[in-house]
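Subject: Structure handover

Hi there,

Here is the structure I promised to pass on to you. Have a look at it first, and then read on for what turned up when I went through it.

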Amino acid sequence: MKKGILISALVLVLAALLAAGTWAWFTASAESERKISAGTVEIEVDEHGFQNITDWVPDGSRTKKVSVKTLGSKCVYVRVSLTPVWGCEEEGTFVAEPALPVDNVTLNWNQTDWVCDGSWYYYKKILCAEDNETSPLLESVTLSGSATDNSYQGKTLQIVVNAEAVQASHEAYKDVWGLTALPGGVAEWSENQ
């Protein structure tokens with residue numbers, strides 16, 4: 001009888017092992033990799049016209065076009081500062097002369113597509129990858145007659161361009177540029193863009 005109980009127990013254990021093995025055939029596992037790519041903000045300044053000019057004619061204008069291109073994937077707000085600087089060329093290097101006033105330099109800028117706030121010019125539109133480039137901010141530069149005195153002889157005028165961009169979404173301009181609001185006339189971001 002003990003032998004019969006032992007055989008019955010072995011049969012039950014074997015049946016349980018077979019059943020467990022069969023269940024294993026009906027299980028599955030999977031691994032998933034979810035990748036999220038962050039957008040990019042990247043710009044470059046596009047300048048056409050003079051770089052450094054020494055042969056200015058009083059009350060004359062020179063073409064100087066400045067625009068900004070987006071190279072990133074995010075839609076951005078763009079702002080640019082334009083700083084005229086008088087100086088001289090020494091061995092192929094521009095040396096600024098801050099003592100020479102720049103009030104004789106007029107920057108002829110695009111008031112239709114840009115707005116000036118403080119020392120910055122803000123592009124009124126949101127710039128996205130499909131747009132690629134702003135309209136020109138600067139069209140030309142005019143030198144008034146006051147630059148004809150001897151202190152300007154042989155001097156060079158340079159326009160220093162500094163451009164910045166920040167993602168247009170989530171009011172990033174507040175943290176990055178320290179603004180409480182965008183200047184009047186600049187387009188507001190909407191989630192539909």
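Let me begin with the hairpin of strand 7 and strand 8, where two residues sit between the strands and G118 adopts a positive phi near 70 degrees. Please keep in mind throughout that this is a predicted model. The two strands of that hairpin, residues 114-117 and residues 120-123, run antiparallel and are joined by four bridges. If you want a landmark there, W114 has Y123 of strand 8 as its bridge partner.

**The chain as a whole**

Stepping back, the chain contains two helices and 10 strands. In sequence order the elements read α-β-β-β-β-β-β-β-β-β-β-α, with a helix at each end of that pattern. Of its 193 residues, 35% count as buried. The accessible surface comes to about 12,200 Å², and carbon and sulfur atoms account for 54% of it. Contacts reach far along the sequence: taking those between residues at least 6 apart, 72% join residues at least 24 apart.

**The four-stranded sheet**

One open sheet is made of four strands in the order 1-3-9-6, with antiparallel pairing. Its edges are strand 1 (43-49) and strand 6 (105-109), each of which pairs on one side only. From one strand to the next, the twist averages 25 degrees.

Within this sheet, strand 1 and strand 3 are paired in the antiparallel sense over seven bridges. One pair to look for is D46 with its bridge partner S67 in strand 3.

**Two residues of strand 3**

K64 belongs to strand 3 and may catch your eye. Is K64 buried or exposed? K64 is buried, because its relative accessible area is 1%, and the limit for buried is under 20%. What does the side chain of K64 make a polar contact with? The partner is the side chain of E47, at 2.6 Å.

T70 also lies in strand 3, which covers residues 60-70. T70 is buried too, with a relative accessible area of 4%. Leaving aside residues up to four places away in sequence, T70 touches E42, I43, V76, L127, C128, A129 and N132. One name in that list, C128, comes back below with the disulfide.

**T142 in strand 9**

Next, T142, which is placed in strand 9 (residues 138-143). With a relative accessible area of 18%, T142 counts as buried, since the cut-off is under 20%. The side chain of T142 makes a polar contact with the side chain of S61, at 2.5 Å. Beyond residues up to four places away in sequence, T142 touches D59, G60, S61, N104, V105, T106 and N108. As for N104, it is 38 residues from T142 in sequence, while the C-alpha atoms of the two are 8.3 Å apart.

**The cysteines**

How many disulfides does the count come to? The count is one disulfide, and it joins C75 to C128 with an S to S distance of 2.0 Å. The link of C75 and C128 is right-handed, with 115 degrees about the S-S bond. C75 sits in the loop between strand 3 and strand 4 (76-90), and C128 in the loop between strand 8 and strand 9, so the pair ties together parts that are 53 residues apart in sequence.

Both of these cysteines count as buried: C75 has 17% relative accessibility, and C128 has 6%. I looked at C88 and C116 as well. C88 is buried, at a relative accessible area of 13%, whereas C116 counts as partly exposed, at 35% relative accessibility.

**Where to start**

If you would like a short route through the model, these are the places I would open:

- the disulfide of C75 and C128
- the polar contact of the K64 and E47 side chains
- the polar contact of the T142 and S61 side chains
- G118 in the hairpin of strand 7 and strand 8

Happy to talk it through whenever suits you.

Best wishes

Note on methods
Residues are numbered from 1 along each chain as its sequence is written. This is a predicted model: local features need pLDDT of at least 70, side-chain atom pairs count only at pLDDT 80 or more; totals for chains, interfaces and linings use all residues. Side-chain values use heavy atoms; hydrogens and water are left out. Buried means under 20% relative accessible area, exposed over 50%, partly exposed in between (1.4 Å probe, protein chains only). Contact means heavy atoms within 4.5 Å. Two strands pair if DSSP finds at least two bridges between them. Axes are lines fitted to C-alpha atoms, for helices over the stretch in contact, and angles run from 0 to 180 degrees between N-to-C directions. A polar contact is a pair of N or O atoms within 3.5 Å; within protein, one must be able to donate a hydrogen and the other to accept it, and residues adjacent in sequence count only if both atoms are side-chain atoms. Accessible areas come from the Shrake-Rupley method with a 1.4 Å probe; for residues, only the protein chains shown count as cover. A disulfide is a pair of cysteine sulfur atoms within 2.5 Å.
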